[in-house]
Amino acid sequence: MEGQANTKQTDEKVLNPKSGWGMLFVSLIKAVASILLFVFSGQPGNRIVQIIMVAAGVILFILALVMFGGLKTVNPNEALVLTLFGKYYGSIKKEGFFWVNPFCSSFNPAAGALAGLGRKISLKAMTLNNEKQKVNDEEGNPIEIGVVVIWKVVNTARAVFDVDNYISFISTQCDAAIRQVARQYPYDVSENGDEKSLRGSSVEIAEILRKEIQGRVDIAGIEISEARIAHLAYAPEIAAAMLQRQQASAIIAARQKIVDGAVSMVEMALKKLNENDVVQLDEERKAAMVSNLLVVLCGNKDAQPVVNSGTLY
């Protein structure tokens, strides 16, 4: 399928890290101990002991700083992808305050694309509202179409390591999927009405579009919850002509229905006249009566009554 690369997908490793509160307490103890060692090392006494106390204080202070670096906070519906010396270490996907290997670093190539997240990855359902783009439908008519996509990250490892920037990746793939689907279906239903259309089969087209986008973004660990057409219109250069075409089709359909109704009413009138023996009409008078009734029933204006005080001939 277009847009997918034949590459090995990264397996996600979900971590179950230690609580950060215990390690925070230990780090604070070490920091306080290092400060006390610095203070007591300044007291008069054995020079060697003072040097040892200073060295121990420095070591404890550095250890405290390193341990502080392992404290991580993860908010609800957020994830943290960690690397250790250039290798994938694991992902934290549950909320809370944790402690991990302090030499791990969070990694997110899309950092900054979503305000407020920083290096964290949002697991919330997000909306992508692609700008309107001009494409050709199955019949070659230029149309303007815009799509709203609801998506979320379900595999953090793929989102971070298998694509360069998963946010721009899904936007690009949505554009490609829109063009692919739009050129497979006409804007409106055909005359026989036996095929799907972008305007008349919105639910079916939305599901087809969702599956098309899903197939393209699987490599990025993204799940498409919904994809629907938010804007659909003929391009400005043919909009007026297509509007006239739709108006003509509507007028023809209305006239056809009027004629069908008028013919049935004429048949009913002739049948009633014959059954009740109201008047005997020859074929020529029947033809005249049918003509007059059709003119009255199919005309756009109200009929003007004419009173004939003589005979028909």
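In what sense do strand 9 and strand 10 (residues 142–153) pair, and over how many bridges? In this predicted model, the two strands pair in the antiparallel sense, and four bridges join them. Within this pairing, Asn 136 has Pro 142 of strand 10 as its bridge partner. Five residues lie between the strands of the hairpin, and Gly 140 adopts a positive phi near 85 degrees there. The side chains of strand 9 (residues 133–136) alternate: Gln 133 and Val 135 are buried and point to one face, whereas Lys 134 and Asn 136 point to the other face and are not buried. Such alternation between the two faces of the sheet is what a regular strand shows.

Strand 10 also pairs with strand 8, again in the antiparallel sense and over four bridges. Here Met 126 stands opposite Trp 151 of strand 10. Strand 8 (residues 126–129) has an alternating pattern of its own, in which Met 126 and Leu 128 point to one face and are buried, while Thr 127 and Asn 129 point to the other and are not.

The chain as a whole contains seven helices and 11 strands. Of its 313 residues, 33% are buried. Among contacts between residues at least 6 apart in sequence, 69% join residues at least 24 apart. The chain exposes about 19,200 Å², and carbon and sulfur atoms supply 57% of that area.

An open sheet is formed by three strands in the order 1-5-2, with antiparallel pairing. Its edges are strand 1 (18–19) and strand 2 (71–74), each of which pairs on one side only. Helix 1 (residues 20–41) packs on this sheet and touches strand 1, strand 2 and strand 5; the direction of the helix makes about 55 degrees with that of strand 5. Strand 2 and strand 5 (residues 96–99) are joined by four bridges in the antiparallel sense, and Val 74 has Gly 96 of strand 5 as its bridge partner.

Two residues in the loops that flank strand 3 have positive phi values without being glycine. Asn 77, with a phi of about 60 degrees, is located in the loop between strand 2 and strand 3 (78–84). Because its relative accessible area is 47%, Asn 77 is classed as partly exposed. Phe 85 has a phi near 55 degrees and lies in the loop between strand 3 and strand 4 (87–92). Phe 85 counts as exposed because its relative accessibility is 69%.

Within strand 3 itself lies Leu 82, which counts as buried because its relative accessibility is 0%. Beyond its neighbours within four places in sequence, Leu 82 is in contact with several residues, including Leu 15, Tyr 88, Ile 92, Val 100 and Cys 104. Leu 82 and Asn 101 are 19 residues apart in sequence, and their C-alpha atoms are 9.5 Å apart in space.

Phe 85 also contributes to a nonpolar surface patch of about 830 Å², together with Phe 38, Val 54, Val 58, Phe 61, Ile 62, Leu 65, Val 66 and Phe 103. Helix 2 (residues 47–68) provides the largest share of this patch, six residues. One member of the patch, Phe 61, lies in helix 2 and is partly exposed because its relative accessibility is 37%.

Side chains of opposite charge can pair when their charged atoms come close. Five salt bridges are counted in the model. One of them joins the side chains of Lys 120 and Glu 78, with an N to O distance of 3.8 Å. Lys 120 lies in the loop between strand 6 (105–106) and strand 7 (121–122), and Glu 78 lies in strand 3, so this salt bridge ties together parts that are 42 residues apart in sequence. Both Lys 120 and Glu 78 are buried.

Two further salt bridges belong to helix 5. Glu 207 pairs with Arg 210, their closest N and O atoms being 3.0 Å apart; both residues lie in helix 5 (residues 202–217), three residues apart, or about one turn of the helix. Glu 207 counts as partly exposed because its relative accessibility is 33%. Glu 212 forms a salt bridge with Arg 216, for which the closest N and O atoms are likewise 3.0 Å apart. Because Glu 212 and Arg 216 are four residues apart in helix 5, about one helical turn separates them. Glu 212 and Arg 216 are both buried.

Definitions and conventions. Residues are numbered from 1 along each chain as its sequence is written. This is a predicted model: local features need pLDDT of at least 70, side-chain atom pairs count only at pLDDT 80 or more; totals for chains, interfaces and linings use all residues. Side-chain values use heavy atoms; hydrogens and water are left out. Patches are made of residues with over 30% relative accessible area and no salt bridge: like charges are joined within 9 Å, nonpolar side chains (Val, Leu, Ile, Met, Phe, Trp, Tyr) within 5 Å. Accessible areas come from the Shrake-Rupley method with a 1.4 Å probe; for residues, only the protein chains shown count as cover. A salt bridge is a side-chain nitrogen of Lys or Arg within 4 Å of a carboxyl oxygen of Asp or Glu. Buried means under 20% relative accessible area, exposed over 50%, partly exposed in between (1.4 Å probe, protein chains only). Contact means heavy atoms within 4.5 Å. Two strands pair if DSSP finds at least two bridges between them. Axes are lines fitted to C-alpha atoms, for helices over the stretch in contact, and angles run from 0 to 180 degrees between N-to-C directions.
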